[in-house]
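User: Could you take a close look at one part of this model for me, the place where the two chains meet, and then work outwards from there into how each chain is put together?

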Amino acid sequence: MDLSDFERDNTGSCRLSSPVPEVCRAEDCCLGIDEAGRGPVLGPMVYGICFCPLSRLGDLEALKVADSKTLSEAERERLFGKLEQARDFVGWALDILSPNLISTSMQRRAKYNLNSLSHDTAMALVQLALDQGVRVTQVFVDTVGPADKYQQKLKERFPEVEVTVRPKADSLFPVVSAASICAKVARDHAVKRWKFLEDLKDLKMDYGSGYPNDPKTKEWLSQCLDPVFGFPQFVRFSWSTAQLILDGRAVPVRWEDSEEGAGGSPAAGRGSGTPSLLSYFARTQAATERQSHRFFHERGLETVADL
Amino acid sequence: DQWVLVAPESVTDLPGKTENGPVFTRLHNPCTGEAALYLFDTNAQQLFEVKAFHEDYHSWFIDQTVQHDGRLLLVTPMDPLFMVLYYLIKAEKEQGKFQPLDQIVIDADFPSCSMLLQCAKLKSFLHHVTDEKEIGNKKFYKYNKEKTLKWLNKKVDQTVRALKIGNVNVGPRVQSTTFISGGQGSDVKEEDYIRYAHGLISEYIPKELSEDLAKY
Amino acid sequence: LLPCEIRHNGPAAVSRFFSPAI
């Protein structure tokens with residue numbers, strides 16, 4: 001799996017895909033979607049799809065791409081190798097979403113939450129397969145948020161496709177298990193080969209599992225914290241684990257859309273309320289304050305009384 | 001402590017050795033009556049007003065430091081006659097007689113106002129706003145309202161010219177200063193320029209004088 | 001000039017996290 005593009009620039013997203021087997025263009029196919037790295041506070045989240053002709057599902061099952069959660073990293077690598085060897089009838093594609101992209105999406109003014117990001121990424125991968133000529137007739141995917149809403153969304157987007165949204169889909173449907181393998185292997189590689197843009201000096205890379213409830217991960221977060229800049233971009237700033245540490249130990253930072261009256265949220269935090277439209281037009285002025293000539297206040301210029 | 005400031009290079013010119021470098025000082029703002037910050041250059045040859053570009057939610061990175069105060073200070077030359085005018089008017093109200101300048105420009109709240117008298121050309125321009133008498137080698141001054149209004153009128157005319165050259169929006173429409181339109185629009189009249197310029201000049205003179213200037 | 005208010009005066013590891021770009 002060649003992640004060199006993402007290794008070079010791990011600030012955005014990166015798409016990878018296998019060549020499309022000819023048989024997937026000629027026959028009806030089923031497609032599975034799964035994700036890797038949803039829960040951790042560190043590293044990217046990866047969405048993966050895997051597809052094969054309906055007629056070859058038995059062959060896919062024979063590869064024994066079981067529930068990937070029970071497998072070790074080495075076992076996942078081995079299974080991915082098997083999928084690669086089955087390239088005459090199995091195709092895959094991945095979207096790697098960097099922690100920076102996740103953080104900025106969740107924290108920008110028009111909030112783009114993780115579920116929406118997940119849905120859109122999944123749908124974009126299905127569309128990619130269709131655009132590449134894969135004859136997708138069935139899609140299987142695990143639930144992300146309310147199952148019925150996700151199913152409806154997918155059905156509206158792909159009316160010609162039979163969509164099945166089911167909890168634990170990776171243990172029910174081999175094509176989802178296969179997608180899970182691809183996604184997890186990609187995340188494993190991305191994390192292992194992560195290039196920190198920041199100069200972290202002597203910081204040890206012993207961050208544990210990367211999950212928020214791992215004490216080693218929390219300790220590492222505390223150690224790598226910069227009071228002004230927060231964390232390296234390896235960290236998902238939008239995770240409450242990260243925000244709590246910033247709350248306690250970073251300097252207060254206020255943005256234009258910070259919550260009204262708040263003392264100031266830390267580097268990562270922003271208010272969630274929608275600001276009044278009026279707030280964009282006028283700065284509040286004390287009743288006794290004399291307003292200067294429009295030349296000055298239109299340009300944001302004011303008299304200085306003190307340095 | 002540090003601030004970010006844009007000023008003409010001449011502010012920090014040091015001709016020869018001198019201990020009288022540029023000085024920030026608080027003076028009486030002739031319009032508001034409150035303290036405001038001004039700058040005298042080396043040897044107080046020139047007066048500058050200090051304004052700040054100030055929007056909410058800004059800070060600075062300066063090299064390897066962070067500065068909370070996100071203002072950008074701007075220093076621009078200012079005619080010291082505006083500052084002296086306040087004291088001339090005050091002296092006229094209180095005494096109504098000819099006095100030496102160093103007895104007119106006195107302020108217990110702002111003792112550095114005496115530095116205004118060092119400004120180059122101040123004395124040669126005082127006649128625009130005063131009547132003068134010379135007794136022996138000493139000059140005596142008295143505020144002249146009519147002369148002052150004539151001088152201020154010239155200031156307004158100069159300001160109108162500058163507004164036109166600078167294509168400043170003086171019309172009634174509210175428009176973003178970063179919006180570049182083809183022109184002022186057909187609804188802008190000469191009166192709008194004069195009204196705008198009067199308003200700008202009024203930022204530098206007492207309210208009563210501004211009202212008189214408006215009538216003039 | 002930053003688009004946020006940082007309530008602190010003091011050292012900041014600017015060059016560790018930012019590189020200038022034109």
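Analyst: One definition before we start: a salt bridge here is a side-chain nitrogen of Lys or Arg within 4 Å of a carboxyl oxygen of Asp or Glu. Keep in mind, too, that this is a predicted model.

Let's begin with a pair inside chain B that fits that rule. The side chains of B:Glu208 and B:Lys93 come together in a salt bridge, with N to O at 3.7 Å. We'll come back to that pair when we get to the domains of chain B.

Now the part you asked about. Chain B brings 32 residues to the contact and chain A brings 22 residues. Put together, chain B and chain A bury about 2600 Å², and carbon and sulfur atoms give 58% of that area. As for charge pairing, the rule finds one salt bridge across the interface of chain B and chain A. That bridge links the side chains of B:Arg26 and A:Asp306, at 3.6 Å from N to O. Polar contacts add to the picture: 13 residue pairs are counted across the interface of chain B and chain A, with both residues at pLDDT 80 or more.

Which elements of chain B supply at least two residues each to the side that touches chain A? They are strand 2 (23–28), strand 3 (35–40), strand 4 (47–53), strand 7 (72–77) and helix 5 (190–202). Strand 4 of chain B gives the most, with four residues. Sorted by class, the side of chain B that touches chain A holds 19 nonpolar, seven polar and six charged residues.

Strand 4 of chain B deserves a second look, as it also pairs with a strand of the other chain. Strand 8 of chain A (residues 301–303) is joined to strand 4 of chain B by three bridges, and the two run antiparallel. Within that pairing, A:Leu301 sits opposite B:Phe53, a residue of strand 4 of chain B.

Next, chain B itself. Chain B splits into domain 1 (5–143) and domain 2 (145–215), and the C-alpha centres of these two domains of chain B are 23 Å apart. In the contact between them, 17 residues come from domain 1 of chain B and 14 residues from domain 2 of chain B. The two domains of chain B bury about 1400 Å² between them, with 60% of it on carbon and sulfur atoms. On the domain 1 side, B:Phe82, B:His128 and B:Tyr143 lose the most area to domain 2 of chain B, and together they make up 37% of what that side buries.

Back to charges: the rule finds three salt bridges across the interface of domain 1 and domain 2 of chain B. B:Glu208 and B:Lys93, the pair we opened with, form a salt bridge at 3.7 Å. Between the two domains of chain B there are also five residue pairs in polar contact, both residues at pLDDT 80 or more. Helix 1 (80–94) and strand 8 (130–135) of chain B each supply at least two residues of the domain 1 side, and helix 1 of chain B gives the most to that side, with five residues. By class, the side of domain 1 of chain B that touches domain 2 has nine nonpolar, four polar and four charged residues.

Chain A can be read in a similar order. Its domain 1 covers 4–192 and its domain 2 covers 201–274, with C-alpha centres 29 Å apart. Here 22 residues of domain 1 of chain A are in contact with 23 residues of domain 2 of chain A. These two domains of chain A bury about 1800 Å² between them, 56% of it on carbon and sulfur atoms. In domain 1 of chain A, the residues that lose the most area to domain 2 are A:Val41, A:Leu42 and A:Gln107, together 39% of what that side buries.

The count between the domains of chain A is one salt bridge. A:Glu256 and A:Arg109 form a salt bridge, their closest N and O atoms being 3.7 Å apart. Polar contacts between the domains of chain A come to 12 residue pairs, both residues at pLDDT 80 or more. On the domain 1 side, helix 5 (99–107) and helix 9 (174–192) of chain A each supply at least two residues, and helix 5 of chain A gives the most, with six residues. The side of domain 1 of chain A that touches domain 2 divides into 10 nonpolar, seven polar and five charged residues.

Terms used: Residues are numbered from 1 along each chain as its sequence is written. Chains are lettered from A and ligands numbered from 1 in the order in which they are written. This is a predicted model: local features need pLDDT of at least 70, side-chain atom pairs count only at pLDDT 80 or more; totals for chains, interfaces and linings use all residues. Side-chain values use heavy atoms; hydrogens and water are left out. Contact means heavy atoms within 4.5 Å. Buried area is the accessible area (1.4 Å probe) that two parts lose on being put together, summed over both. A polar contact is a pair of N or O atoms within 3.5 Å; within protein, one must be able to donate a hydrogen and the other to accept it, and residues adjacent in sequence count only if both atoms are side-chain atoms. Ala, Val, Leu, Ile, Met, Phe, Trp, Tyr, Cys and Pro count as nonpolar, Asp, Glu, Lys and Arg as charged, and the others, Gly among them, as polar. Two strands pair if DSSP finds at least two bridges between them. Domain bounds come from an automatic or database domain assignment.
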